[in-house]
Each structure stands twice: as structure tokens, then as C-alpha cells.
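Biologist: Please take a close look at one buried-or-exposed question of your choice, and then follow the side chains outward from there. I would like one connected account, with cut-offs for the terms.

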Amino acid sequence: MNNALQTNETEVHQNLSKRSLPKMVSSSLVLLVSLTGILYSMQTNNMGLALFSLLFLLMLLGVPIAISLGLASFLTIYYFTTDPLPDLAGKVFSGLNHFTLMAIPFFVLAGNIFTRGGVANRLIKLTNSWVGHIPGGLSVAGIVSCTLFAAISGSSPATVVAIGGIMIPAMVNHGYSKSYAVGSISTAGSLGILIPPSIPMIVYAVTVEQSVGKMFLAGVIPGILLMLLLSAVSFFIANRKNYARAEKATYKERMIALKNAFWSLMLPIVVIGGIYSGVFTPTESAAVAVILGLVVGLWIHKDLMVKELPGILVDSAKTTAMLFFIITMAMTFAHILTLERIPHTIADVITGWNVGPIMFLLIVNILLFIAGQFMEPTAIITILAPILFPVAVALGIDPIHFGVVMVVNMEVGMITPPVGLNLYVASGITKMPLVDVTKSAIPWLIAVVIGLILVTYVPAISLWLPNLLYR
């Protein structure tokens, strides 16, 4: 018996050694390249090389992305320029001194209010009453509910928590496999950053000086397209596995569900409709969303308690501080890139290669996929948008279309490890191992990738609606 245990332990250690060896080799290689880059940049006074070498070194050492960006930027400025560091504080402040960025804390607060204000529950009951009876109906209802909730919250993790916390147990109780339930909802939650209002879209618009309103409109049709693709995957898997269908709701039940969800449906209509009717700006719409959420949650639905507001405010402040810290450090990083004219140099190099828009967009998708494995969407956009944007414009790619391509890539990053935040959230609310959550999401992830390809190479999907309303 003891010999058998010792043999098993030996095999486990050998397997762990085999798995960790490639990671050790790749980490050592990146470390060597980073250190070599730093030493070479100090000898040749190459500020751009030093900046990226420091960033990769710090990230490899496990330093959080925001701190890595800030330290790399500050050290590079200190050693390679004569700019006084106190002046850098002014540049950091000016980077955040955009009225449009005020929308972010308000949309974060609105999302938290909606999550606790009974909105998600009513949207789920509504969608269940209309599509719950088809094959995979509960999953399709969850995906549609994620789409509707995304039009209120603007956050992928919040969407997974609000919808997944209710729908995943309901699907499991109805006979669906847990992996099917978790895979569909964790992936559909990524729509939170594509369906307007979207925080990454606001960051992109501020970073490259584009219209937030146009960006919001450009996300509507791609969001609906992805919703249909994800629903199709749920339908076919459920049909093949012959999952039990829910009982078809009567017309009266559907009308009752629609009546109960009226104010939940009115929230995105008022917020988005107000923007494009000219009643208020996208930034002002975020404040309107907060007020509407409080009115609906406290006095109409009455699911939100006044005693919950301090906790909601604290949670929103923490999330906002995290996002703004990343944005601040990333803008400092982007400032050095501009000083070194790195975006313009890259644009000239790629243009000199005679790379067409099709190949360039393929390169962008690959680059953003790799970046999405290591960084948070806000950091990716603020770092890479200033680099890639001039090239896209030089190749004749519409800036709004390019922004949507970036945001859909961020969706892929939200549902792929190691950073995939939606996977961690789904794992947390279901107590399912992260590896199992990742495997369960693969069929729906393939659908998102297909949607990304369509959005990338069919610009009309993104541009039809903004071109229609912004003539």
C-alpha cells in the first residue's frame, strides 16, 4: 500500500515537473530578453525599447498591470529625459481631465444599482416567458437577458453576476448540464462591454478623440449579431442532447411578464434614446441612468433598500478607482510613446510593407488576442489604440469600425484565460473549477470568434446604424 502511494506521488511530481518546465523555460526567456533590452537601451539611449522592456519585466515578476505601466513610465522618464517628475503629475492629471470620462463612475454606479434593484430578475422572467419553451430555451433566455442587462450596466462581470446568479441554478434544476449552463452565461456576459453603454467604448473614444455617441450606436448591431450566434449554439447543443423544454407560457403570462418588466425595459430606452434625441449627452446619460435606477429600484420595484446604498457606493468607488488608476498609468505610458513617435514609426513601417486593410486587421486581431491573455480591456485600449489607430486611418479603415473591432476583441479576452474575468466570476458564483468553466465556454467562444471575423471584415455591420442616424 505504501509503495503504491509513493509511486503515485512520484508520478504526480513528475507530471507537475513536465507541466512547469515549459513555463519556466518561456518565463526565463522573456526575463532574459527583457533584461537584455534594458541594458541595450541604456547603452544606446533608446527610450522606447527601455519602456517596453521594463513593462514586460515588471509584468513577468507579477506586478499588477497598472503599477507596471506606471513604474515603467516613471523610470523611463527619469533616466532618459530631463523632464522634472513633478511636471509628470500635471500630465497625468491632464490625461484624466476629460469631461467624457465622468461617464465611467456613473455607469459603474448605475450597473451596481441595477444589479441589486430587481432589474435582472424581471428581465429573466420576461425572456423565459417568450423563448423558454424552445430547445435550449432557458439558455437562450439567459443570453437575451444578458443582452438586455448589458444595455443597462455596461459591465461584463456585472452581467454575469446578475444573470448567471439566477439563470445557472435554474437551468441546472431544469435538467441542463452545469457545464452547458455556465458556458452559455459566462460567454454571453461578455456582451456587457459591446452593447451600449460600454465603458471600453468610452475609453476608446476619449483615447483617439472619436464620438462616444457614434461608438455606442456602432455596438448595437454587432451585439445583436453575437446574441443570435450564441443563441444558435445553445439551441443546437440542447437539441442534440435532447434537454427538456420548459412549458410554453400562455399569452396572459407573457403580458404579465412584459408588464412587470416594463420599467426594466424602459431604462435602456430612456438612456440610449435620450442620447440620440439630443436631450442629453452620453456623459449626462450616465447620471440620468443612476437617477432612474434609484427611482425604479427604491420606489417602483421596491427591491432596493436604502440601507444597501452605502455598500453600493463603496463598491462603485472601488471599481472606479481601479479603472481610473489603469487609465491614468496607461495614458502616461501612451505619453512616452507619443514623445518617441512610436505610433507614427509603426504606421510608416506597416505602410511601407504595403500591407492592405485585410492583412492589417488580421494582424490587429492576433495582437489583441495575445494582449487579451495578459491585460485588462481598459489598459489594452489606452496602450494600443494610439499605436494602431494612425495605421488604421492611413489604410482607410473607418475609426468607428476599428473601435468596434477592438471592443469585440476585448470580449474574447474576457472569456479566455488566464485573465478572462468572466470565467473567474462564473467560477466564483458556481464554485466550479476554473479549468472546467473554461472548457464549458469553448462552443460559445467559437461563436464569438465567428462574430469577430464578421464584424472585422464586414464594416457595414458596425457602421450602418451610425451612418443612418449621423447623416
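Modeller: N365 lies in helix 18, where helices (H or I, at least four residues) and strands (E, at least two) are DSSP runs numbered from the N terminus. The model is a predicted one, in which local features need pLDDT of at least 70 and side-chain atom pairs count only at pLDDT 80 or more, while totals for chains, interfaces and linings use all residues. Residues are numbered from 1 along each chain as its sequence is written, and side-chain values use heavy atoms, with hydrogens and water left out.

With a relative accessible area of 12%, N365 is buried (under 20% relative accessible area; exposed is over 50% and partly exposed in between, with a 1.4 Å probe and protein chains only). Leaving aside residues up to four places away in sequence, N365 touches V405, N409, L452 and T456, contact being heavy atoms within 4.5 Å.

Helix 18 also takes part in an aromatic pair. A search of the whole structure finds 9 such pairs; rings of Phe, Tyr and Trp (its six-membered ring) pair if their centres lie within 6.5 Å, and planes under 30 degrees apart count as stacked, over 60 as edge-to-face and the rest as tilted. In one of them, the ring centres of Y176 and Y243 are 5.1 Å apart and the planes stand at 45°, so this pair is tilted. Y176 is in the loop between helix 8 (156-173) and helix 9 (178-188), and Y243 is in the loop between helix 12 (220-241) and helix 13 (251-260), so the pair ties together parts 67 residues apart in sequence. Both Y176 and Y243 are buried. The pair that involves helix 18 is F360 with F402: centres 6.2 Å apart and planes at 20°, so it is stacked. F360 lies in helix 18 (residues 357-372) and F402 in helix 20 (residues 399-414), so parts 42 residues apart in sequence are tied together. F360 is buried, at 1% relative accessible area, and F402 counts as buried at 1% relative accessibility.

Y176 and Y243 also belong, with Y180 and W444, to one aromatic cluster. W444 falls within the range of helix 23 (442-457), one of the helices against which the buried residues of helix 24 pack; the others are helix 11 (212-218), helix 12 and helix 20. In helix 24 (residues 460-469), the buried residues are I461, S462, L463, L465 and P466.

The loop between helix 12 and helix 13 also holds N242. N242 has a positive phi of about 55° although it is not a glycine, and N242 is exposed, with a relative accessible area of 65%. K431 is another residue other than glycine with a positive phi, near 60°. K431 is found in the loop between helix 21 (421-430) and helix 22 (434-440) and counts as exposed at 72% relative accessibility.

In helix 13 there is M255, which counts as partly exposed at 29% relative accessibility. From M255 to V407 the C-alpha to C-alpha distance is 36 Å, with their positions 152 residues apart in sequence. R254 lies over the face of W130, 4.8 Å from the ring centre; a charge sits over a ring if NZ of Lys or CZ of Arg is within 6 Å of the ring centre and within 35 degrees of the ring normal.
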